[in-house]
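Below is a short set of questions and answers that works through the model shown here, moving from one chain to the contact and then to a sheet.

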Amino acid sequence: MRILLAALISITAGLASLQAQKIEKIGIPELEKILASPADELHVVNFWATWCPPCVTELPYFEKLAGEYQGKGVRFILISLDFPSQIETKLIPFLEKNKISAEVKVMTNLDYNSWIEKVDEGWQGNIPVTLFFNNATKKRYFHPSELTEKELRDLITKHK
Amino acid sequence: MKKYLFISLAALMMAGLLSAQSQYKAGDIASDFKLKNVKGEFVSLADINDTDGFIVAFWCNTCPVVKKYDKRLQDLHAKYASKGYPVVAINPNDPAVSPGDSYDKMKETASKLDYKFEYLFDETQEVARKYGATNTPHIYILSWKDGKLVVDYVGAIDNNADDASAADKKYAEDALNSILKGQAVSVAGTKAVGCGIKWKKS
């Protein structure tokens, strides 16, 4: 009985931590840390929101390729610009409904002009946009609009 | 011959890129336009009497970020129209891509939300292209100078889309207050985060 209970608790805790990990809230310091990541792997950082239809269209491609490239030197990070007041009501239900298991973070600093240019000086503030980089090999490419699955696949192959 | 063809193709592509990216910035001269309002009348900025300028807002019926700013745009009009700077909202979205942004739905939105400002339909999307608007909402503050419309500010209304009371940089209001005092606008351009304009599929 005790073992069963312990197992139940650890499963619940595991699920809770999985959930928490899935939607880590970040600010500028965490964003800067991601952008400065020294890991020798291709980072694919997508900025999106549930309120942005083209973002929602392309999100499954990121999910799919994140699965395919798991453990193969590509790290996908999906940074949501959903409003902090709608994380529980819109973002989490969306992620659950669409079974998104890729790494999702929420940018909670809404003072966009204080960090947009840290991502790329050419970013006009539109979403979706995707940044590809590997700081170890000094590769960097900013894609200023939405992607098809083929475009995303080709860009990963090209920059990997 | 081949070489010339290549050069002219390259030039064409460059021109395409430039026109896609160029956006009015402070100091530029903005074009006037003639667009249909929700009452069915065609309106030009020059037709609107007793103005020193305008708060031109690329706007729509559907975007959640626009909805977040709805009250704030109405407040801007209430505060600044009497000081010579009315709001003129423009919906550039293609209803074929975004059915909720049709002209009829604009009429519904304006009536439901009791818009006191002009709400115009940029059916050909020419105005949005000329201004270089990328998103809704996207704000352009213009002032009449020697019969021309000079751009004073381009960008966001403030720095917190989610919560007006948490915004501590009120870009549009600060710009308008400086203009009204005859002072230089200290932040004349910001990036506006919002819903990408729904361009016609060519």
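Q: Among contacts in chain A between residues at least 6 apart in sequence, what percentage join residues at least 24 apart?
A: The model is predicted, and a contact here requires C-beta atoms, placed from the backbone, to lie within 7 Å. Once the chain A pairs are restricted to residues at least 6 apart in sequence, the share that joins residues at least 24 apart is 74%.

Q: In what order do the elements of chain A run from the N terminus on?
A: Chain A holds 6 helices and 6 strands. Read from the N terminus on, these elements follow the order α-β-α-β-α-β-α-β-α-β-β-α.

Q: Which elements of chain B give two or more residues to the side that touches chain A?
A: The contact draws 15 residues from chain A and 16 residues from chain B. By class, the chain B side has 6 nonpolar, 6 polar and 4 charged residues. The elements that supply two or more residues to this side are helix 2 (64-80) and strand 10 (195-196) of chain B.

Q: Which strands stand at the edges of the open sheet of 8 strands in chain B?
A: The sheet has mixed pairing and the order 1-9-8-4-5-6-2-3. Each edge strand has a single partner strand, so one of its sides is left without a neighbour in the sheet, and these strands are strand 1 (29-30) and strand 3 (42-43) of chain B.

Q: Which residue in strand 8 of chain B does Phe58(B) stand opposite?
A: Strand 4 (residues 53-58) and strand 8 (residues 138-145) of chain B run antiparallel and are joined by 6 bridges. Opposite Phe58(B), in strand 8 of chain B, stands His138(B).

Methods:
Residues are numbered from 1 along each chain as its sequence is written. Chains are lettered from A and ligands numbered from 1 in the order in which they are written. This is a predicted model: local features need pLDDT of at least 70, side-chain atom pairs count only at pLDDT 80 or more; totals for chains, interfaces and linings use all residues. Two residues are in contact if their C-beta atoms, placed from the backbone, lie within 7 Å. Helices (H or I, at least four residues) and strands (E, at least two) are DSSP runs, numbered from the N terminus. Ala, Val, Leu, Ile, Met, Phe, Trp, Tyr, Cys and Pro count as nonpolar, Asp, Glu, Lys and Arg as charged, and the others, Gly among them, as polar. Two strands pair if DSSP finds at least two bridges between them.
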